[in-house]
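The two exercises below are to be worked through with the model in view, one on strand pairing and one on the contact between chains. Each task is followed by its solution in steps.

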Amino acid sequence: MSRENLKIIGVALLSLLIDIIRPLGYIFLADTTFLVLIALSFYNKTFFIIFIAFALGIAQDALIFSSKLFYAIEYPLAVAVVILLNKLLHFIKTKNHPLVLKALIAALLILIHTFLLALTVKSAGFFYPAYFFMQSYLIFFFINGIIEKTLRKI
Amino acid sequence: MVIALLVFTAFRKTFQTLVLSLSESFFTLSKSSHQEKIESLNKKNLSYRLELKKSKNLSKENEILRQALNFKNKNNLGLVGAEIIAFSPSSWNQYIFLNSGSNQGITKNMLVVDKSGNLIGKVKETYQNRCKVILVKNPDFQMPVSIDNQLLGLLQGTLSGVEILYVEKSNEINISEPVYAAFSPFASAVKIGKISRIEKNKNNLFYEIQVDIFAKDKLPQVVFVLK
């Protein structure tokens, strides 16, 4: 296994650990695992990241009693969509605005993720999903910045 | 598909046990003897404060009830201190795991409070040395409550807060009235919050009541289960 892949596994496991330990409790709403997987899939466009996403999805489903393979299906699909959209929409990426494509794809994925989670909860309302989306979107850029520094681009 | 689900169920149990053990080790790495002393003192402090609240609110009522019904007043207040060892990974399904379970006398539906006696949640499932606590803001959390020890309603979590359901519009209620747990041995001692908003919808028989809970969003490391 290459050093790059080991780094990816390490970062992915760390994100799951943060979600379980939650240093700030539920003040911090974002699903760190999901955001890290999206950020990683911009750098590793191989089947390996889809497999990592599936493994993390299984792990998350195992810890959330009410979900039955929800994340095991959602995470690899989300990663596959990121890789596909990144290829199809490469014309949006420019030298001056490299983040534009990432921002658009991330916004779309996080929005779909929020919508799917809101469907699973009986009384989500409007405020909580909106707050969750905004917080997740902002934190995505923070996570993306950290991953850019720790992993080299492929 | 059935076989896949069976395999997954078996894997889930093993994986949960492994993760919770690792998480508990992580949390107890920095524990010191001073911390144990502090925990013990906090437990005693909370026990005394809850006793005082219960006595003040119930002494008169209990005297009348005792004379009328001739029953014995239970004055035992059992507390089990426990540490939070893990959270649910999803913030849409909020619950916590504690490092105490049926071996420590914890059973389902016991209330969980912080050191100030503010309600955090209630025990949903118990294991030998662990239990799962559903938090107040979890949409699956429901509990009977009383408003200012008079009106009854059903407390329901809504992720962003909590609301009280099934309070009829014929009743008079005001903002800032306190909300207590109902139908519990600690009913008047466990404060949940105070009313922050009341809406009267013409097409609804009941009020729409929002409650500001006293428990902080950032949970303490040590909580107490009321026996």
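Two strands count as paired if DSSP finds at least two bridges between them. The model to which this rule is applied here is a predicted one.

**Exercise 1.** Determine in which sense S9(B) and strand S10 of chain B pair, and over how many bridges; then do the same for strand S6 and strand S9 of chain B.

*Solution.* Begin with S9(B) and S10(B), the latter spanning residues 191–200, which pair in the antiparallel sense over three bridges. Within this pairing, Val179(B) stands opposite Gly193(B) of S10(B). Turn next to S6(B), residues 142–147, which pairs with S9(B), residues 178–181, likewise in the antiparallel sense and over three bridges; here Ser146(B) is the residue that stands opposite Tyr180(B) of S9(B).

**Exercise 2.** Describe the interface of chain A and chain B by its contacts, its buried area and its polar contacts, and then state which elements of chain A contribute to it.

*Solution.* First, 34 residues of chain A are in contact with 34 residues of chain B. Second, the two chains bury about 3,100 Å² between them, with 68% of this area on carbon and sulfur atoms. Third, the count of salt bridges between chain A and chain B is zero, whereas eight residue pairs are found in polar contact across the interface. The elements that give two or more residues to the side of chain A touching chain B are helices H1 (3–21), H3 (47–63), H5 (99–120) and H6 (127–150) of chain A, and the largest share, six residues, comes from H3(A). Finally, the residues on this side of chain A divide into 23 nonpolar, six polar and five charged.

Technical notes: Residues numbered from 1 in each chain as written. Chains lettered and ligands numbered in written order. Predicted model: local features only at pLDDT ≥ 70, side-chain atom pairs only at ≥ 80, totals over all residues. Heavy atoms only, no water. Helix = DSSP H or I, 4+ residues; strand = E, 2+ residues; numbered from the N terminus. Contact = heavy atoms within 4.5 Å. Buried area = accessible area lost by both parts, 1.4 Å probe. Salt bridge = Lys/Arg side-chain N within 4 Å of Asp/Glu carboxyl O. Polar contact = N/O pair within 3.5 Å; in protein donor to acceptor, adjacent residues only side chain to side chain. Nonpolar A, V, L, I, M, F, W, Y, C, P; charged D, E, K, R; others polar.
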